Amino acid sequence: MAFVTEPEPDWRQRKKNATRDRIRAGALRLFGEQGYDATTVEQIAAAAGVSHMTFFRYFPTKEDVALSDGYDPLIAGLLEQTPAGWPLTERIRAALLQGLRQLYDADRDILFAQNKLIVSTPALRERLWASQMDTQQLILQALGTSQDNPHPSFQDRVTVAACLAAATTAILAWVENNGTPELPGLIDQAFDTISRPR
């Protein structure tokens, strides 16, 4: 299946994206070197070559820079392109894997460092739960509501939650096993388990 790619952002947006990526990369490096709790916003800003006020233009809190990845909007866009006739689990699987492949080759090490940090930091694990609820809502919206059916069904909500739980379990296994096997394969296995339970 071919997915439509988004048009290239203009130079202002590219500049903003580059600054955001630099702040995030600097934060993850510092978190890895000295620990999440010991790292300050001022240190992150200095490592990225920006002021601490610029940091707050991009990330409301230190937790936000640790958790951010820009993955949710990408997944929502890809979900909208999946065939409506596919089973819901397969639509979500296709979008998650396509989105992951777009990020994985270039950002695998950053993705691993970020998830390792989240797993090992209690405050971030707590925030991840709230973030997953937001992701669930975004996926349900991307799957489409109409005037005839403005609210997702209970079954759809359960399916989306189960898919996110499967993906999270794959990520945890990836981190626990120090990055092996590769995450896309683990997510595929997790969805196989949902689709064909023992």
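**Overall fold and helix H7**

Of the 198 residues in the protein chain, 36% are buried (under 20% relative accessible area with a 1.4 Å probe, protein chains only). The model is a predicted one: local features need pLDDT of at least 70 and side-chain atom pairs count only at pLDDT 80 or more, while totals for chains, interfaces and linings use all residues. Residues are numbered from 1 along each chain as its sequence is written, and side-chain values use heavy atoms, with hydrogens and water left out.

The protein chain is built from nine helices and zero strands (DSSP runs of H or I, at least four residues, for helices and of E, at least two, for strands, numbered from the N terminus). Its radius of gyration is 18 Å, which agrees with the value near 16 Å for a compact globule of 198 residues (taken over C-alpha atoms; the rule is 2.2 Å times the number of residues to the power 0.38). Along the principal axes, the C-alpha atoms fill a box of roughly 50 × 40 × 30 Å. As for contacts (heavy atoms within 4.5 Å), 67% of those between residues at least 6 apart in sequence join residues at least 24 apart.

Now to helix H7. The 21 residues of H7 (residues 122–142) should span 30 Å at 1.5 Å a residue, and the end C-alpha atoms are indeed 30 Å apart (expected span: 1.5 Å times one less than the number of residues). Leu124, Thr135, Gln136, Ile139, Leu140 and Ala142 are its buried residues, and these pack against helices H4 (62–67), H5 (71–80), H6 (88–120) and H8 (154–176). Just after H7 comes Gly144, with a positive phi of about 105°.

Notes
Buried < 20%, exposed > 50% of the residue type's maximum accessible area, 1.4 Å probe, protein only.
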